[in-house]
Structures are given as C-alpha cells and as structure tokens.
Amino acid sequence: MLDVLQNLGRVTLGFFQRLGRGHLFLLQIFATIPGVLLRPRLVLTQLYAVGVLTLLIILVSGLFVGMVMGLQGYNTLVDFGAEDSLGVMVALSLVRELGPVVAALLFAGRAGSALTAEIGLMKATEQLSGMEMMAVDPIQRVVAPRFLAAFISLPLLAVIFSAIGVYGGYFVGVDLLGVDDGAFWAQMQDKVDLRGDVYNGVIKSVVFGFVAGWIALFEGYDAVPTAAGVSRATTRTVVHTSLAVLGLDFVLTALMFGE
Amino acid sequence: MNNRTVEIGVGLFVALGIAALFMLAMQVSNLGTFVSADDSYLLEAGFENIGGLKVRSPVTVSGVRVGRVAAIDYDDEAFEAVVTLRIKSSYDGFPEDTSASIFTAGLLGEQYIALEPGGSMDNLADGDRLQLTQSALVMEQIIGQFLYSTSAAKSGE
Amino acid sequence: MTEPVVQIRGLQFAHGERMIFDGIDLDIAPGRVTAIMGPSGTGKTTLLKLIGGQLRPLSGSIRVYGEEVTQLSRKGLYQLRKCMGMLFQSGALLTDINVFENVAYPMREHTRLPKALIRDLVLMKLQAVGLRGASTLMPSELSGGMARRVALARAIALDPSMVMYDEPFTGQDPISMGILVKLIRELNDALGMTSIVVSHDVRETAAIADYIYLLSQGKVIEHGKPEALRDSSLEWSRQFLEGRPDGPAAFHYPAPDFRDDLLRGGQSK
C-alpha cells in the first residue's frame with residue numbers, strides 16, 4: 001500500500017517536474033528568438049526541412065480527404081435532395097476542422113518526430129554539449145530556428161490542405177457525380193464566412209503549430225541520450241502532439257463556434 | 001544540401017500557402033460576394049415578425065441577389081423589427097412603393113428577403129424606409145391556424 | 001609558483017543519490033599538460049563539465065582564470081568558454097556539415113573575420129592535425145581517429161589558452177593514438193596552451209603529462225610528477241599505473257559471499 005502511494009507520489013512529482021521543465025524550455029526559446037531573427041538563414045533552412053518536405057504528404061492527404069468527403073457527403077445529401085450543399089459541407093468541414101487538425105497530426109508524424117529524433121541524437125552524440133563548450137547556445141542555434149519554422153509552416157500547410165481538399169471534393173462531386181458546378185461554389189461562398197470560418201481555422205493551426213513545435217523540440221532536448229531514450233522520445237512526440245492537438249481543438253472550437 | 005534548392009523550395013512553399021489562403025478567402029468564403037460599404041446604400045424595412053432572418057441573409061429581387069441584411073433591431077415604440085438592408089449601388093432604381101417579404105428557401109431552408117418593385121415614378125434613396133412589408137410565415141402559426149380552421153369546420157357541421 | 005589556471009577547492013558533486021566527488025582539491029598549472037586519471041566511472045568527464053560550467057557542483061569552488069565558475073552568469077560563462085577548447089570523447093562534430101565547416105563553425109559564430117581569412121585559418125588548423133586533404137568529407141565518412149583529430153582542430157580554432165581532452169586515446173588504434181599523443185604535446189608546447197587530459201590510458205598519458213592527478217571514489221588519491229607516482233608508496237597508485245588486475249582496488253564489484261549466493265539457488269530474492 002505504501003509502495004503504491006510512494007509510486008503515485010513519484011509519478012505525480014515527475015509529471016510536474018517535466019511540465020515545469022517544458023515551460024522553462026519555452027521561455028528559453030522565447031528569450032533567444034530576437035537573436036535568431038538576426039540570422040534568418042537558420043530559419044530558412046529549417047523551413048525547408050520542416051515545411052517543404054512535409055508538403056507532399058499534405059498535398060496527397062488533402063486531396064484524398066477532400067475526395068472522400070465529396071463521395072460520402074454526396075451519398076448522404078442526395079437522399080435529402082440537398083446535393084447542391086455538397087460544396088458547403090466539404091468546405092466547412094475542411095476549413096474549420098479537418099484542415100488544421102489533420103495537417104497537425106500529419107505534421108506530428110512527419111516533421112515532429114524528425115525534429116525530436118534529430119535533437120535527441122544531437123544530444124546523444126554530445127553535439128549540443130559541444131556547442132555549449134564552443135560558447136554557442138544550442139537553444140538559439142538549434143532549437144529556436146526549428147521552433148519558428150514549425151510555427152510558420154503548420155498554418156501554411158493547413159491552408160494548403162484545406163484548399164486542395166476543396167478541389168478534391170469538387171473533382172468527385174462535380175466532375176464524377178454530377179453536382180451542379182455553380183451550386184457547388186455558390187452555396188459554398190454563401191455559407192463559408194471569411195472571418196468566422198477561414199480565419200478561425202488559421203488561428204487553430206497557428207496554435208497547433210506552436211504546440212507541435214514545442215512538444216517535438218522539448219521531447220528531443222529532454223530525451224535520455226541513448227538509442228532507446230531517443231526512440232521513446234520520438235514516440236512520445238507523436239502521441240503527445242496528437243492528444244494535445246485533439247484536446248486543444250475541442251477547446252478552441254468551443255471558444256470560437258460556441259457563441 | 002544546396003542553398004539554391006532550399007531557397008527555391010521555401011519560396012514555392014510560402015507562395016503555395018499564400019495562394020491557398022487567397023483561394024479560401026476569394027473562392028470558398030463569402031469575401032468574393034461581399035458587398036462593401038463603399039459601393040452600396042442602405043434601406044430600412046419594418047416587420048411584425050422576421051422569423052429566422054439573420055444578419056447577412058440575402059436580399060433578392062426576382063430571385064437575383066442584390067444585397068444582404070446589414071442589421072436587425074427592435075423598435076420598441078412601433079413594436080416591430082427593423083431590418084437594415086445593404087443593397088449594391090448598381091441596383092439603385094427601385095420605386096418608392098417597393099415591397100419587402102420574408103420568404104423561406106425550400107421547405108426547411110434559410111430565410112431571405114425578397115423585394116418586389118412597385119409602380120411609383122420616384123425611386124428609393126439611401127436611408128429610405130420600405131412601407132409595404134410582409135412578415136415571415138411562422139410554421140407554428142400556420143399549423144395552428146390550419147388546426148383551428150379544420151376543427152371549426154368540423155364543429156360547424 | 002605562478003597562479004594556477006584552474007583551482008578547485010572542496011568540490012562536491014552528486015549524481016542523484018550517488019556521490020561522485022567528495023571534497024576534491026586540484027590545481028592546474030599554466031602551460032603544462034596535466035592529466036587527471038582514474039578508473040572508469042570516477043567521473044573524470046564530469047569534472048571537465050564542471051570546469052566548463054555545464055554542470056553545477058553541490059558545494060566547493062572552481063576558479064578558472066580567477067573567475068568563480070560556479071557563480072558566473074550565463075553570459076559570463078559563455079564569455080569564459082571562448083578561451084577554453086574541449087575535445088569530446090565522441091568528437092561531437094556537427095553531423096550535417098562537412099569537416100571544413102565544422103572547424104570554421106566557432107570562427108563564424110564568434111568572429112567577424114572575412115571569408116578568405118576564415119578559409120586560411122581553417123586550412124591552417126586542419127594542416128596542424130594533418131587532415132587538410134579531408135576538408136570536404138562529411139563527419140560520417142571519417143574514421144574514429146580522424147574524427148577526433150578534426151574535433152581537435154575545431155577545439156583549437158579560436159586559439160584557446162586552455163584545452164580539455166576527454167579520453168582522447170580511448171578506442172584508437174596504436175597509430176592514431178601515437179598521432180594524438182604527438183599532437184597534444186606539440187600543440188601544448190607550440191601554442192603555449194594549458195592542457196588538461198582526462199584518461200585512463202596509463203602509458204600514453206604518462207608519456208605526455210607533466211603532472212598527474214589520480215582520482216578514485218570521489219577523492220584525489222595522489223598527485224605528482226609521473227616519475228614520482230611510479231614509485232609511489234601507495235599500493236593503489238602502483239596497482240593503477242601498472243595495471244594489475246587485483247589489489248587494493250578489488251577485482252569484484254561489492255557482492256554477498258559467492259558461496260552463499262550459489263547455495264541459495266533459485267530462492268534468491
């Protein structure tokens with residue numbers, strides 16, 4: 001019984017310790033950002049690694065998600081004779097939810113895990129220590145540029161996902177299933193609100209980018225510097241980012257669309 | 001990795017992102033059909049009951065959209081709803097005795113305002129009030145009237 | 001005697017529950033090669049990290065060039081580190097840039113030298129370690145010995161006045177080892193640096209060290225010139241320096257009596 005309590009206490013303390021370390025880590029990143037902005041090339045290189053290399057999976061997934069939405073939506077709406085509303089359905093689901101959320105989940109799997117593994121291995125091979133001893137702050141040179149890159153990339157990726165998804169839905173709905181072209185766009189434009197839907201979707205993805213970058217980098221920086229430690233950290237990145245994104249999505253949705 | 005590849009890649013990525021945002025704004029959302037305050041004028045109309053009419057609901061003439069509902073207020077002296085309509089300036093030739101009705105698109109669709117031009121020689125100007133209005137049909141009232149009239153008919157037999 | 005470069009007094013450091021240093025006093029004289037030796041697991045690398053300010057001790061003082069490392073702010077620490085070079089056991093080269101860029105890295109970070117000058121300096125440093133020809137290779141293409149030499153070139157890139165070597169000879173073939181021994185001694189004499197070598201390779205270390213500290217179980221067991229330690233009166237020092245398997249430092253990790261352990265059979269724990 002005492003053992004259980006002891007363990008419980010240790011786990012709880014460990015949790016709070018990590019939580020605290022994570023936030024201190026974030027503050028350290030913030031402190032170095034002005035210095036990073038003076039050297040945009042560092043961010044540029046990371047934008048390539050984090051954003052451009054994730055683009056392909058986002059484009060393909062966006063297209064297919066849009067196409068599936070078109071197909072499923074049509075089958076449901078046609079029963080009510082409301083297939084003209086297909087455009088609204090596809091666009092609203094993508095812009096409000098699927099774009100930001102699915103892009104963030106894919107981002108965690110493609111870019112977040114890579115970030116964690118990279119930082120974790122740099123730690124395991126003493127590269128971070130080496131930088132410190134060269135009087136170079138690894139948070140500024142290694143972590144902060146990657147954080148900024150994630151923060152900038154994810155909103156862009158989410159918008160691209162939504163846009164290509166709408167075209168995927170258009171392709172299936174209009175080209176294959178024969179929904180009226182004009183009705184598809186007109187209904188969509190009628191019901192999708194720039195501020196209420198598009199902007200809120202972008203705000204979501206900005207928050208997700210922040211969280212995904214933070215978790216991935218913290219897990220890497222805090223990883224146990226061994227092969228097993230880095231692999232555990234990588235798994236944790238994907239799991240924690242996914243949970244955080246889905247949880248935050250609910251909170252943000254409630255705040256934005258709950259009225 | 002080649003610097004050039006990185007720069008071109010990032011450039012394309014950002015351009016694609018901005019293009020996608022632009023597409024969502026113009027093509028998907030209502031920004032493209034938005035009536036700006038610059039090229040529009042306002043009309044007012046009082047209704048006894050506006051039903052499910054909302055701000056941004058469409059305003060049509062003969063089925064053609066000419067504007068949107070800009071604001072909905074309640075006038076506590078006349079005890080009626082005051083709806084402000086924002087009409088595109090290109091449609092500025094409505095006669096003074098134009099009437100406004102609240103209709104429903106389809107059986108369960110959204111509600112919109114239909115304008116019906118009258119025969120007057122004078123045209124409406126910015127800020128004018130439509131005199132002839134017809135309120136929204138509220139489903140409960142219709143059903144209530146229908147039930148009442150059938151039961152009255154039965155008892156009258 | 002001149003002022004020591006590094007002066008450690010009453011240093012205590014613990015890793016979790018385990019006490020690693022329990023009251024260490026140590027002086028590093030300028031311009032010399034000082035070796036810190038001891039069995040593996042005595043925390044020799046930890047000592048270097050403490051000197052470099054990457055770890056903070058429980059108590060005690062560490063003065064480097066008269067600055068109290070334990071009290072320094074982050075900024076002061078980074079300032080101080082610019083005059084320290086450190087050669088990591090693994091080399092710690094940045095794996096995504098090539099040899100040339102690795103050596104150029106500290107120069108680009110800390111100086112505003114023109115490109116051409118940086119190039120000349122990097123080639124000079126690489127020439128010093130005999131790897132000028134390898135400047136375009138990636139770290140993954142280097143052998144262990146070469147990687148360590150590149151790391152050495154990087155460690156001396158900013159002409160530090162003090163270089164710390166963490167196990168420079170471990171896992172090297174005899175030739176690379178010979179090269180490293182020669183390099184450390186030559187760099188120390190030619191550039192007038194202070195060198196701290198952490199190692200348990202007795203023969204090589206004794207060959208280049210001017211002064212040796214022997215550490216074991218969190219204490220300085222003995223210190224002195226290599227020749228003096230060889231004729232030490234302490235049994236432990238002689239065991240370590242001659243590499244005998246058993247002696248005061250027991251062959252066995254502390255354990256219950258062997259016969260009891262065997263007889264207990266499957267019922268253990």
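Here are some notes on this predicted model of three chains, going from the overall picture down to single residues.

1. **How the chains meet.** Two pairs of chains are in contact, and of these the A and B pair shares the most contacts. Chains B and C are not joined by any contact, and their closest C-alpha atoms sit 9 Å apart. If you're scrolling through the assembly, the A and B interface is a sensible place to begin.

2. **Chain A, the fold.** Chain A is built from 8 helices with 0 strands, so reading from the N terminus you simply get α-α-α-α-α-α-α-α. Its C-alpha trace covers about 65 × 55 × 35 Å along the principal axes. Of the contacts in chain A with a separation of 6 or more, 83% are between residues 24 or more positions apart.

3. **Chain A, inside and outside.** Chain A has 259 residues, and 51% of them are buried. What it exposes comes to about 11,300 Å², with carbon and sulfur atoms supplying 70% of that area. On the charge side, you'll find 15 positive and 19 negative side chains in chain A, and the centres of these two sets are 15 Å apart.

4. **Chain B, the fold.** Chain B mixes the two kinds of element, with 2 helices and 8 strands. The order from the N terminus is α-β-β-β-β-β-β-β-β-α, which puts a helix at each end of the run. The chain is split into domain 1 (1-32) and domain 2 (40-139), and the C-alpha centres of these two domains lie 40 Å apart.

5. **Chain B, inside and outside.** Buried residues account for 32% of the 157 residues in chain B. Chain B exposes about 9,400 Å², and carbon and sulfur atoms contribute 57% of this. Taking contacts in chain B between residues at least 6 apart in sequence, 62% link residues at least 24 apart.

6. **How far to trust chain B.** The average pLDDT of chain B is 81, and 89% of its residues score at least 70. Element by element, strand 4 (residues 80-88) of chain B has the highest mean, 88, while helix 2 (residues 139-156) of chain B has the lowest, 77. As a general caution, predicted coordinates shouldn't be read in detail where pLDDT is low.

7. **Ala71(B), a residue to click on.** Ala71(B) belongs to strand 3 (residues 64-75) of chain B. This alanine is partly exposed, at a relative accessible area of 26%. Setting aside neighbours within four places in sequence, Ala71(B) is in contact with Val55(B), Val82(B), Val83(B) and Thr84(B). Ser151(B) is another matter: 80 residues along the chain from Ala71(B), with 40 Å separating the two C-alpha atoms.

8. **Helix 1 of chain C.** This helix (residues 44-51) is largely enclosed by the rest of the structure, because 7 of its 8 residues are buried. The buried set is Lys44(C), Thr46(C), Leu47(C), Leu48(C), Lys49(C), Leu50(C) and Ile51(C). Note that two lysines, Lys44(C) and Lys49(C), are among them. After helix 1 of chain C comes Gly53(C), with a positive phi near 80°.

9. **Helix 3 of chain C.** Here too the helix (residues 99-110) is mostly covered, with 9 of 12 residues buried. Among them are Val99(C), Phe100(C), Val103(C), Tyr105(C) and Met107(C), as well as Asn102(C) and Glu109(C). What do the buried residues of helix 3 of chain C pack against? From chain A the partners are helix 4 (127-133) and helix 5 (138-176), and from chain C itself they are helix 4 (115-128) and helix 5 (144-155).

10. **Two positive phi values in chain C.** Asp159(C) has a positive phi near 50°, though it isn't a glycine, and it is found in the loop between helix 5 and strand 7 (162-166) of chain C. Glu167(C) is also a non-glycine with a positive phi, about 45°, and is located in the loop between strand 7 and helix 6 (174-191) of chain C. Are these two buried or partly exposed? Asp159(C) is partly exposed, with a relative accessible area of 48%, whereas Glu167(C) is buried, at 7%.

Terms used. Residues numbered from 1 in each chain as written. Chains lettered and ligands numbered in written order. Heavy atoms only, no water. Buried < 20%, exposed > 50% of the residue type's maximum accessible area, 1.4 Å probe, protein only. Helix = DSSP H or I, 4+ residues; strand = E, 2+ residues; numbered from the N terminus. Contact = heavy atoms within 4.5 Å. Areas by Shrake-Rupley, 256 points an atom, 1.4 Å probe, with all protein chains shown as cover. Lys, Arg positive; Asp, Glu negative; His and termini not counted. Charge placed at Lys NZ, Arg CZ, Asp CG, Glu CD. pLDDT = per-residue confidence, 0-100. Domains from an automatic or database assignment.
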